[in-house]
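Got the viewer open? Let's take a short walk through this model, one selection at a time.

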Amino acid sequence: GYLLYLGKNADVVPTMLSKYVDVAISNPYLLRSISKKNLSLVDGHGFERIIKHLMPDTIELRLATKSDCKNIYLWRNAEETRKVSFVSALISWEEHTNWFEVTLNDPNKVLLIGEIERDPIGVIRYDINNESARISVYLVPGKYGHGYGPKLIESGNRWLLHVHPKIKTVCAEILKTNIASIKAFDEAGFKEYSTILRNRVN
């Protein structure tokens, strides 16, 4: 029901094409049915993805500063961020400011803001341990669904390897239910290599 099949290419002749065009034109209900079934196969955003591929947005990264403290607090506490985080509870302002200060002053931690034309799109944190680093990334609320995730991750890794060339591996720990993030890391070249099992005992 997704199409009108005319047969193998070698067997199709102009008269057959003409006949099936007439069938389609004279059966609006058939066309409507085909259209409805095909719409169930796509999300309607193919045009946007093609444009982004042909004219990719340039993501610029900068180190977070003290002036970013409030924005990161709001972004991290947004519902759409918390629901895909390991810690889903609201973070208090005091807890956040303490963490923020420690992070900015720790040479083994990197906190980056990703921007497109000075418009923030996401936050990346790296925890460095000798030759490896653990990445944590989330998008700014309202920036989900635009394909920024993989590009942000790739840009972050390029920045990290340029500034910290000793890094040999970058690891990410993602909730199994966070399908969008898993897909983003997969598109950015990450491969699954281990499984972490957890059990809540209280």
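Start by selecting Phe185: is this residue buried or exposed? Phe185 is buried because its relative accessible area is 5%, where buried means under 20%, exposed over 50% and partly exposed in between (1.4 Å probe, protein chains only). You're looking at a predicted model, in which local features need pLDDT of at least 70, side-chain atom pairs count only at pLDDT 80 or more, and totals for chains, interfaces and linings use all residues. Residues are numbered from 1 along each chain as its sequence is written, and side-chain values use heavy atoms, leaving out hydrogens and water.

Now add Phe190, which counts as buried at 16% relative accessibility. Phe185 and Phe190 form an edge-to-face aromatic pair, 4.9 Å centre to centre with 85 degrees between the planes. (Rings of Phe, Tyr and Trp, the latter by its six-membered ring, pair if their centres lie within 6.5 Å; planes under 30 degrees apart are stacked, over 60 edge-to-face and the rest tilted.)

Next, show helix H8, residues 179-187, where Ser181, Ala184 and Phe185 are buried. Seen down the axis of H8, its buried residues fall within an arc of 95 degrees, so they line one face of the helix; the arc is that of the directions from the helix axis to the C-beta atoms. Helices (H or I, at least four residues) and strands (E, at least two) are DSSP runs, numbered from the N terminus. Flip to the other side of H8 and you'll find Ile179 and Lys183 exposed. Just after H8, click Gly189: its phi is positive, near 100 degrees.
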